[in-house]
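Grab a coffee and open the viewer: here are a few short exercises to work through. Try each one by eye before reading its solution.

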Amino acid sequence: MKAQMRWLAAIFLLLASLAMAAGPDVRLKDFDGKDRNANEFIGQGKWVVVAIWSSDCPICRRDIYHMTFFHDEHRKSDAVVLGLSIDGYADREKAQGFVNDQSLNFPNLIGEWTDAARLGPGTFVGTPTYYFFSPEGKYMTQRIGPLTQDQANGILRDLQKKQTKANKK
């Protein structure tokens with residue numbers, strides 16, 4: 001009986017730790033209307049940069065290509081990009097036009113600005129905004145405004161160094 005109780009306790013602790021390691025529980029839609037959850041993409045063992053954009057954002061239109069290059073450079077190793085359009089599902093055709101025009105090569109979900117606030121630190125200023133999540137799904141930092149591939153690489157390197165130091169303690 002004691003062995004069974006220990007076994008159940010171990011399973012419970014394992015499940016609890018897996019649940020805590022998952023990314024944020026924010027429900028969104030993909031461009032086909034399918035319900036998705038941000039934690040399907042965040043907390044899956046790679047760093048994630050969430051690129052928050054809108055189709056009418058001139059800075060997004062000018063600079064989002066940097067995230068396609070970042071995604072290409074990292075997706076097979078240590079990081080991926082997840083796009084979040086805040087155009088709202090009612091304007092998904094306009095947002096899909098943006099995805100097509102910009103040749104975005106990473107998954108994109110669609111929601112509202114309130115979804116962006118729930119996904120990050122709680123306050124959402126505007127587009128473009130980039131949230132950085134650890135491989136375990138922990139929100140680490142954000143960048144508001146333009147972000148180049150080189151700048152994203154620098155932020156990622158700094159976060160990886162900080163995590164390595166923290167793990168050594």
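**Exercise 1.** At what angle do α3 and α6 pack, and how far apart are their axes? Keep in mind that this is a predicted model.

*Solution.* Start with the geometry: the angle between α3 and α6 is about 50°, and their axes lie 8 Å apart. Next, classify it. Angles under 35 degrees count as roughly parallel and 65 to 115 as roughly perpendicular, so α3 is oblique to α6. Then look at the handedness: α3 passes α6 in a right-handed crossing. Finally, pick out the side that α3 brings to the contact: His66, Met67, Phe69, Phe70, Glu73 and His74. From α6 come Gln149, Ala152, Asn153 and Leu156.

**Exercise 2.** Work out how β4 is paired, and say whether its residues are buried or exposed.

*Solution.* Take one neighbour at a time. β3 (47-53) runs parallel to β4, and seven bridges join the two. To check the register, find Val49: its bridge partner in β4 is Val81. Now go to β5 (residues 108-110), which also pairs with β4 in the parallel sense, over three bridges. Here Ser85 stands opposite Ile110 of β5.

Now for burial: seven of the seven residues in β4 are buried. Ala79, Val81, Gly83 and Ser85 point one way, while Val80, Leu82 and Leu84 point the other way. Both sets are buried.

**Exercise 3.** Which residues of the largest nonpolar core touch the most other members?

*Solution.* This core has 24 residues, and Trp53, Ile64, Met67 and Phe70 are the ones touching the most other members. Next, ask which elements feed it: β3, α3 (65-74), β4 (79-85), α4 (92-102), β6 and α6 (149-168) each give two or more residues. β3 gives the most, with four. Don't stop there, though: a second, separate core holds 19 residues, including Phe41, Ile42, Val48 and Ala117. As background, nonpolar side chains in soluble globular proteins tend to be buried together.

Met67 and Phe70 turn up twice in these exercises: they belong to the largest core, and they also sit in the α3 contact with α6.

**Exercise 4.** Describe how β6 and β7 are connected, and find the turn residue with a positive phi.

*Solution.* First, the direction: β6 (residues 129-133) and β7 (residues 139-144) run antiparallel, joined by five bridges. One pair to find is Phe133 with its bridge partner Tyr139 in β7. Then trace the link: the two strands form a hairpin with five residues between them. In that turn, Gly137 has a positive phi of about 95°.

Terms used:
Residues are numbered from 1 along each chain as its sequence is written. This is a predicted model: local features need pLDDT of at least 70, side-chain atom pairs count only at pLDDT 80 or more; totals for chains, interfaces and linings use all residues. Side-chain values use heavy atoms; hydrogens and water are left out. Two strands pair if DSSP finds at least two bridges between them. A nonpolar core is a set of buried Ala, Val, Leu, Ile, Met, Phe, Trp, Tyr and Cys residues joined through side-chain atoms within 4.5 Å. Buried means under 20% relative accessible area, exposed over 50%, partly exposed in between (1.4 Å probe, protein chains only). Axes are lines fitted to C-alpha atoms, for helices over the stretch in contact, and angles run from 0 to 180 degrees between N-to-C directions. Angles under 35 degrees count as roughly parallel, over 145 as roughly antiparallel, 65 to 115 as roughly perpendicular and the rest as oblique. A crossing is left-handed if the near helix is turned anticlockwise from the far one by less than a right angle, and right-handed if clockwise. Contact means heavy atoms within 4.5 Å.
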